[in-house]
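Good morning, and thank you for making the time. I should like to present one assembly, taking its protein chains before its DNA.

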Number of protein chains: 4
Amino acid sequence: MSKEKGLKGKESKARIKAAAACEFAKHGFHQTKISNIVKRASLTQPAFYLYFSSKDAIFNELVHEFRTKLWKLIETQRLSPLMEKDELIKQMTASIEKLFEFFAEDPNLTRIGLVLAPDSEIFKEKLIRLLADNLHFEQRSGTFRLELSMEIVAVCIFGMIEQLIFQCLLKNKSNPKKLAEEVVKLVMSGMMEFGSA
Amino acid sequence: MSKEKGLKGKESKARIKAAAACEFAKHGFHQTKISNIVKRASLTQPAFYLYFSSKDAIFNELVHEFRTKLWKLIETQRLSPLMEKDELIKQMTASIEKLFEFFAEDPNLTRIGLVLAPDSEIFKEKLIRLLADNLHFEQRSGTFRLELSMEIVAVCIFGMIEQLIFQCLLKNKSNPKKLAEEVVKLVMSGMMEFGSA
Amino acid sequence: MSKEKGLKGKESKARIKAAAACEFAKHGFHQTKISNIVKRASLTQPAFYLYFSSKDAIFNELVHEFRTKLWKLIETQRLSPLMEKDELIKQMTASIEKLFEFFAEDPNLTRIGLVLAPDSEIFKEKLIRLLADNLHFEQRSGTFRLELSMEIVAVCIFGMIEQLIFQCLLKNKSNPKKLAEEVVKLVMSGMMEFGSA
Amino acid sequence: MSKEKGLKGKESKARIKAAAACEFAKHGFHQTKISNIVKRASLTQPAFYLYFSSKDAIFNELVHEFRTKLWKLIETQRLSPLMEKDELIKQMTASIEKLFEFFAEDPNLTRIGLVLAPDSEIFKEKLIRLLADNLHFEQRSGTFRLELSMEIVAVCIFGMIEQLIFQCLLKNKSNPKKLAEEVVKLVMSGMMEFGSA
DNA sequence: AATGAATGAGGCTTCATTCAT
DNA sequence: CATGAATGAAGCCTCATTCAT
């Protein structure tokens, strides 16, 4: 009976959040105006401040939401150790596919969290470090070539994924599965034709 | 005495440009204030408008300058066709090294042209298309594996390079030569240890 | 409580409009500052932009308002055709008196619409053309002397009225009725004493 | 030998003055920019201040020049007293023609002196008072009908002339002689057809 | 006699945010 | 829960004017 209260409020807040995500993604932080957010949410400006303390606040909330979800996803996707090669490739492909699916699910949040947030470079750095650690582990297990720097490889893999997100996935030029397969093919075996040397 | 004709003006314009590049790179377009640009250039606000017609104008000039230079560099770096494998790798490495050197030369412009410009995604798309065409050519010559989509590979390579620029090169964690070598190693031969089959 | 819906806003807008008319009339368009308009209306600058999109906008609105009202007045004041001489003079006098009354009612708008508006000369031209057409009609009916160019007479009559507005009416040196009578006397019968020739 | 000096300077000053008159007449005082004046005069901004102390100064100089010339012209055009009717009309026509010729000679100055100058209304008032005095004199001589207020008639005549200047003369729709004749016809004998009761 | 370079002052406009209801 | 009305703060840009040469 008391829990019921606030239902309309929650809807309004959600509408504002969705509207904001859309506007931020389309125009960036500074060119997004509160007035446009509330217009899109069919509300008025003071209503905005009923649910968010400031423009920064809602932006940060969106960023935080995105990052939390992404981080959780990644933690559930850790590779099982000491697999066979085929199995490894299959798992990697599945993991990356899941990642792409996540990014495709909410393009607005993806852009906000990966591009627009002022500290996105630092966030990416963290993700990359996480990836590098995992790769290191595999490398020490003999899965990956020793002559490669896993730090740099991690940066590369992340760069590929990010670029594929914005140039292919969010432009609907391809789908998560296909992209994941291609990345893995490239990264695992390289571009060169066999028989060389 | 006679040589200085218009020299002071050119110096002022250059100082403004450098100051602007610095401010834009550090704070982004909207948070960069003309007042700060001219302060950094040791001038007053109206002086700015002696040399540039608006904030947009100088920003676009910087973007245009960056892109023109980059495009020229790339055009001089086309791979010679039909090389042997070793030679190919050497050339690719050299080309990519040159690229990294270019980006490292003016980090401010690099950030402005690749990240901050509102149409940078479209610009990247063009670069990627150019790269994809070149790769296609090589693929048809039998250099690259047929099962890979050169469109996607092009996106991947560009993504790697971009990420390496911002995560390694501009943070001085590595140098152009090293980065170029690592990218080529990874992209040409993949990560997998041999003998796995 | 329920009647006041939007009332305060309308009052503010009206206050701004009146203040603007006053300032424009006193100082002209360019020397009128938004800051002074709002000061006179007991508001702050941003409030101005709640009701008008720019300085130009409010000026044009005032001009448009004046012209619309004036045009409507003139259309209701058309002379009935084919009257006797005495009746004609009475009607003309009444019409012109109404005109003067209109101009005296809002001196600010009058100055804005007739003098300050950048296209006021063109507007006057239109009014004069309208007047000329009417005079032509009367001339063909035999009321006015054929040797006079009604185009030029129309210009003259308009010139008299305008000058009387600014030199007599708005300086309170005379009143609409008196002025109308004098104009008609002069224009109908001329200055010359009878019996001449 | 010493008088010769300054010839080039005088030319420059004259060029600036002409340019200023043109710009002021076309755009009004506030929208006229020094930068445009000197551009039109093929000079640079500091050169302007070699000859005029400020924007106001040159404007006032132009206004003063116009008014001085006009005043002189009017003083030489006083009607000879106690003429016969035909002679009076001839003289009036000639006088007014001369006036129109004066205004047509320098349209820019005319607009500046009669419309643009902020105190032009007061200046016109003076002219009108002068005219009214003359008319009074004639009226007392029995030339003009006693029932007319010469003050108001003076305003009317001035209004006609001014309107004819801007609506006919400066638009090249008529010439000084024709306009003078029409004004005199109208003002002397009125519009009404004879024989009317 | 003239110019390239620079500036002080000030106006218009925008926007996040708040008050009173 | 929501709104109409209002504001403080700040940025871009323009222009008359001057300095040094």
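How far apart are the nearest C-alpha atoms of chain B and chain C? They are 21 Å apart, and these two chains do not touch, where contact means heavy atoms within 4.5 Å. Chain A and chain C do not touch either; there the nearest C-alpha atoms are 13 Å apart.

A word on conventions. This is a predicted model, in which local features need pLDDT of at least 70 and side-chain atom pairs count only at pLDDT 80 or more, while totals for chains, interfaces and linings use all residues. Residues are numbered from 1 along each chain as its sequence is written, chains are lettered from A and ligands numbered from 1 in the order in which they are written, and side-chain values use heavy atoms, leaving out hydrogens and water.

Let us turn to chain B and chain A. Here 50 residues of chain B are in contact with 50 residues of chain A. The buried area, that is, the accessible area (1.4 Å probe) lost on putting the two parts together, summed over both, is about 4,600 Å², and carbon and sulfur atoms give 63% of it. On the side of chain B, Arg145(B), Met191(B) and Met192(B) lose the most area to chain A, together 19% of what that side buries.

Six salt bridges are found across this interface, each a side-chain nitrogen of Lys or Arg within 4 Å of a carboxyl oxygen of Asp or Glu. One of them joins Lys173(A) to Glu125(B), at 3.2 Å from N to O.

How are the two chains related? Chain B can be laid on chain A with an RMSD of 0.1 Å by a turn of 180° and a shift of 0.0 Å along the axis, with copies superposed by least squares on the C-alpha atoms of residues with pLDDT of at least 70 in both. That is the relation of a two-fold axis. Within chain B, the C-alpha of Gly190(B) is nearest the axis, 1.9 Å from it. The copies meet through the same surface, because 100% of the interface residues of chain B are also interface residues in chain A.

Finally, the DNA. Strand F is surrounded by 36 residues, the closest being Lys33(B), Thr44(C), Pro46(C), Tyr51(C) and Gln45(D); a residue is near a strand if one of its heavy atoms lies within 4 Å of it. Of the atoms of strand F that come within 4 Å of the protein, sugar and phosphate account for 60%. A phosphate oxygen of this strand is 3.2 Å from a polar backbone atom of Ile34(B).

Methods: A polar contact is a pair of N or O atoms within 3.5 Å; within protein, one must be able to donate a hydrogen and the other to accept it, and residues adjacent in sequence count only if both atoms are side-chain atoms.
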